[in-house]
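Me: I would like to learn how to read a few features of a protein model, going from a single residue to a pair of packed helices and then to the cysteines. Could you take me through them one at a time?

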Amino acid sequence: MKIAVCDDEQVFVDKTINFLNSLVADTDTCDIFPCSSGEELLDKHNSEQFDIIFLDIEMNGINGMDTAREIRKNDKKVIIAFLTNYQEFAAEGYEVNAYRYIVKNQPEYIYEKQFKSIFEEYSQNHKYFEIPSKGIVARIFLRDICFFEILNKKVTVHTITGKHEYFGKLSDAEKQLKNDLLFIKSHKSYLINIAQIESINKSDIVMKNNEKALLSRNYRKKVVDSYIAYMTER
């Protein structure tokens, strides 16, 4: 895992790096790169391809928001968390898919909760689902799966880029994903990824790939509650 910490105030760079080191169980698996400007971050990201970026919004030269916009032109997956002295940048943050704001000089327990949540998102982004495909096992990243659908003993995995089919049981997919709280049933024949929900209607769910998954009355409350909890934690 590669992490960049970008801030033009060295004291906050050091503070963030020290806190990261205290949370990472195995520091040998984590490389942390300090940056003092948006320009330096952009240059290093081109060569290193960071997994997580902690980015100060207000910096001399190119500011954090504009730096994030440049990064998003070519990298949609890196996790960006803004470091800020204020809580007024949320609207702009949605534009660059940075839902996390870490306010400087807040209590340590809040830092810990936010940082652990970011690490969990990174871990989630690197999990995969295995399906049999022409005598071999194919792997699909969980983050790319919108939902599973079963019809006539054939399971269709709907992803952000297309579909994969195999003969099997939906219950087997549930077992493989039993420890992943983002995947829940919305219908007896559908298993959905909460993170890929675009909107919830009365009898169906619109996913981010514009496909619809059925939503039955028996599963509606759990789906709605789980989705609200997921959005609240982001």
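Me: Is tyrosine 122 buried or exposed, and in which helix does tyrosine 122 lie?

Reply: Burial is read from relative accessible area, and under 20% counts as buried. In this predicted model, tyrosine 122 lies in helix 5, and because its relative accessibility is 18%, tyrosine 122 counts as buried.

Me: Which residues is tyrosine 122 in contact with, leaving aside its neighbours within four places in sequence?

Reply: With those neighbours set aside, the contacts of tyrosine 122 are Met1, Asp51, Ile52 and Ile79. For isoleucine 52 there is also a backbone distance to read: its C-alpha atom is separated by 7.7 Å from that of tyrosine 122, although the two residues are 70 apart along the chain. For the protein chain as a whole, if one takes contacts between residues at least 6 apart in sequence, 49% of them join residues at least 24 apart.

Me: At what angle do helix 1 and helix 5 pack, and how far apart are their axes?

Reply: Two packed helices are described by the angle between their axes and by the distance between those axes. Here helix 1, residues 10-23, packs with helix 5, residues 108-125, at an angle of about 65°, and the axes are 11 Å apart. Helix 1 and helix 5 are therefore roughly perpendicular to each other, and their crossing is right-handed.

Me: Which residues meet where helix 1 and helix 5 pack?

Reply: From helix 1 come Lys15, Thr16, Phe19, Leu20 and Leu23, and these meet Glu108, Tyr111, Glu112, Phe115, Lys116 and Phe119 of helix 5. Sorted by class, this contact of helix 1 with helix 5 holds six nonpolar, one polar and four charged residues.

Me: How many disulfides does the structure hold, and what can be said of cysteine 6 and cysteine 30?

Reply: A disulfide is read from the distance between two cysteine sulfur atoms, which must lie within 2.5 Å. The structure holds zero disulfides. Cysteine 6 is in none, the nearest cysteine sulfur being that of cysteine 35, 5.3 Å away. For cysteine 30 the closest cysteine sulfur is likewise in cysteine 35, but at 14 Å, which is too far for a bond. Cysteine 6 counts as buried because its relative accessibility is 0%, and cysteine 30 is buried too, with a relative accessible area of 8%.

Me: How many residues does the protein chain have, and what percentage of them count as buried?

Reply: The protein chain has 234 residues, of which 46% count as buried, and its secondary structure comprises seven helices and 15 strands.

Notes: Residues are numbered from 1 along each chain as its sequence is written. This is a predicted model: local features need pLDDT of at least 70, side-chain atom pairs count only at pLDDT 80 or more; totals for chains, interfaces and linings use all residues. Side-chain values use heavy atoms; hydrogens and water are left out. Axes are lines fitted to C-alpha atoms, for helices over the stretch in contact, and angles run from 0 to 180 degrees between N-to-C directions. Helices (H or I, at least four residues) and strands (E, at least two) are DSSP runs, numbered from the N terminus. Angles under 35 degrees count as roughly parallel, over 145 as roughly antiparallel, 65 to 115 as roughly perpendicular and the rest as oblique. A crossing is left-handed if the near helix is turned anticlockwise from the far one by less than a right angle, and right-handed if clockwise. Contact means heavy atoms within 4.5 Å. Ala, Val, Leu, Ile, Met, Phe, Trp, Tyr, Cys and Pro count as nonpolar, Asp, Glu, Lys and Arg as charged, and the others, Gly among them, as polar. Buried means under 20% relative accessible area, exposed over 50%, partly exposed in between (1.4 Å probe, protein chains only).
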